[in-house]
Amino acid sequence: MRYREALNLALREEMRADERVFLMGEDVGVFQGAFKVTAGLLEEFGERRVRDTPISENTIVGMGVGAAMAGLRPIVELMTINFSLLALDQIVNSAASIRYMFGAQVKVPLVIRMPQGAGHQLGPTHSHSFEALYQHIPGLLVAVPTTAADAHGLLKAAIRDDNPVVFIEHETLYGRRGEVPDDQEPLRFGEAAVRREGGDVTIVGISRMAETALKAADTLAEEHGIEAEVIDPRTLRPLDLDTILASVRKTNRAVIVEEGWPHGGVGANMSALIQEQAFDDLDAPVARVTGADIPMPYSKPLEQASFPHEEHVVQAARATLGEL
Amino acid sequence: MATEDATGGRGPDATGVEAATHPLPDRAVCEATLARMQLIRRFEERAGEMYAKAKIGGFLHLCIGEEATIVGSTNALRETDYLLSTYREHGHALARGTPPGAVMAELFGKVDGCSGGRGGSMHLFDVDRRLLGGYGIVGGNLPLAAGVALASDYEGTDDATLCMFGDGATNQGTFGETMNLAALWKLPIVFMVVNNQFGMGTALERHSAVTDLSRKAAGYGVPGNRCDGMDVLDVERCVAAALEKARVEREPQLVEAVTYRYRGHSMADPEEYRTKDEVEDWRPRDPLTTFPARLVEAGVLSEQEVEQLDEQAVKTVDEAVEFADRSPFPDLASLYDDIYVIGEQVRDPWWSTDARSPDVHRGEQEREAGEVAQELAEAGAAHADETDPDTRAARARGAGG
């Protein structure tokens, strides 16, 4: 099953199971979703529960928050993560804050889905990776699934949870195939997946970079005799730091790979946490591999050069072992 | 352009609102209505005093002058209807029935405040009375209110939502976006623009190309009406009619209440954008003068009874202040409580980070973080006793802050 089909299945199952769950977003209905994630849902559930909206991101998200406060369980789809910036007011000032600032009188069971990522020559307004931005905000849960099974299981978990969830999909991953167990139950946030075991270096890959990290690990083993342990955190809030720390205590080295920008990135935060919690276990500085610190360029060679590929990760891992 | 003809453009007789004379309701309703307006007035006056004494922090936006708009609107609501307001919402909470002590305690940042001391003056909330918030972002409450109305419609109830905001909010993108969606989806919602003539310190004619705000949503499919925001009966009649349209016919409505705030935007407002004469021009329209005068004239209440009601309001506010004073500040160890709903997805793992002390730890484990963390939290909290001397002096003058 493809990643997009796994998401579609999760939506379908949760909408069948709970009448309060409904979907709204730009072109999610008649058009079947900009990336076809919502294909067929309008036909099955009708216009009451699959709602095409005008292009009004801030208001769509705000309405999702209001409907969630009043007892529904909305899922809002935003067409790309860049468009979510129009809704930052409602995401930060409303969704993330309302429970806390109103003394826990209400909850906001809202899922905001959005795809991110470079590689499709969509230039600087449709290609960015903002998981660092969303993991920064207390009050939000943040998921970054990379496999079809995780996309399915984590989306089900997000829909059933009573907290606002920023659910970050990846445009490149939509077409990837993967096994999704029959009748898969929701997965749990805050449980990292160890994608590959190894004793020499820990590589943490975020979003699509978990896939890149795995490829790099294969190269490291085949060409350099280095056994990397690859961890996909799957969710950034909550973060399964325990699994990462246990691995670092074993390998004494860590490389964090993300597609987004370096300043204030996921890796910046994670390396701080690792050195705060496991300084004595480190044999090398925590390494980061990030996207280039620029708006995403359109030109294909420039674009490909501006986000991490396996070669970058191989180099970074070898550097932590003093090979370079 | 504004200063010279400011008063001329904004005087009470130049608003385009015609004075109406609605028949008085029965004595009990008149009395309750007056009592609510008096409570709000006395509460706000006292809140201003408490701010000057630095019992209240941050910003304080008083609604003095807008009592008829608030009470007229809330009188038109059913108990099961929802109300969302702005940061100038003490009066809305009081009119909805939130205990005045809980409102004052919130302004004081105390644990018994209606938002547990987490929200403050701009973020009052009372889920039991379906007051779903004051909001600090201009225009931020419109999408939320439409979402609440969507939930009512989705679930097939006949609850309606009233969303109140100021004239300044009509210039936000969310105004147009929300009007369009509300009309498109036929939501049971009434939008109420409380036109108090200023978006903070910028006069209406200087911030909005269309100054008849009741027309401003028509292009989005939301028809509008104006009412005299200084006449509690006119407001109630107009809002009730709009609610009926929204509730029964699923035609969202906009109501513009033309009113005036006699105090500054907040306590930190030197009011350089209007003249004292302008404020005085509006004094004869003060609903706390005109409404009781009408009741006395009509023989509904005696002057003495009006006076007694007012004394009761003062007493209620006295008690509210005593309650707020007695209430403790929230426990420092509760700092990380209620960021999340604890459950299947939020349990053991790291969901918040406390890096205030050398031993960086999970925020949710603050209670077990040890002595150093506790001492540093207390050291931080001890700064609450400091007030910048300039701020203190300004507050004593009744200005800055």
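Q: What separates the centres of domain 1 of chain A and domain 2 of chain A, taken over C-alpha atoms?
A: The separation is 26 Å. The model is predicted.

Q: What makes these two stretches of chain A domains?
A: An automatic or database domain assignment sets the bounds. Domain 1 of chain A is 3–175, and domain 2 of chain A is 193–320.

Q: How many residues does each domain of chain A bring to the contact?
A: Domain 1 of chain A gives 27 residues and domain 2 of chain A gives 22. On the domain 1 side, helix 6 (131–135), strand 5, helix 7 and strand 6 of chain A each supply two or more residues. That side divides into 13 nonpolar, 12 polar and 2 charged residues.

Q: What makes strand 2 (50–52) and strand 10 (235–237) of chain A edge strands?
A: Each pairs on one side only. The sheet is open, with 7 strands in the order 2-1-3-4-6-5-10 and mixed pairing. From one strand to the next, the twist averages 20°.

Q: Why do strand 1 (residues 21–25) of chain A and strand 2 of chain A count as a pair?
A: Pairing needs at least two bridges. Strands 1 and 2 of chain A have 3 bridges, so they count as a pair, in the parallel sense. Met24(A) stands opposite Arg51(A), which lies in strand 2 of chain A.

Q: Which strands does helix 7 (residues 148–160) of chain A touch as it packs on the sheet?
A: Helix 7 of chain A touches strand 1, strand 3 (73–77), strand 4 (111–116), strand 5 (141–143) and strand 6 (165–170) of chain A. The direction of helix 7 makes about 160° with that of strand 6 of chain A. Angles run from 0 to 180 degrees between N-to-C directions, so the 160° describes a helix and a strand that run in nearly opposite directions.

Q: How do you know that the span of helix 2 (residues 27–52) of chain B is close to that expected?
A: Set the two values side by side. Helix 2 of chain B has 26 residues and reaches 38 Å from its first C-alpha to its last. The expected span is 1.5 Å times one less than the number of residues, which for helix 2 of chain B comes to 38 Å. The span is therefore close to the expected one.

Q: Which residue takes a positive phi just after helix 2 of chain B?
A: Ala54(B) does, at about 65°.

Q: How many residues of chain A are in contact with chain B?
A: 45 residues of chain A are in contact with 40 residues of chain B. Helix 3 of chain A gives the most to the chain A side, with 9 residues. That side divides into 20 nonpolar, 15 polar and 10 charged residues.

Methods
Residues are numbered from 1 along each chain as its sequence is written. Chains are lettered from A and ligands numbered from 1 in the order in which they are written. This is a predicted model: local features need pLDDT of at least 70, side-chain atom pairs count only at pLDDT 80 or more; totals for chains, interfaces and linings use all residues. Two residues are in contact if their C-beta atoms, placed from the backbone, lie within 7 Å. Helices (H or I, at least four residues) and strands (E, at least two) are DSSP runs, numbered from the N terminus. Ala, Val, Leu, Ile, Met, Phe, Trp, Tyr, Cys and Pro count as nonpolar, Asp, Glu, Lys and Arg as charged, and the others, Gly among them, as polar.
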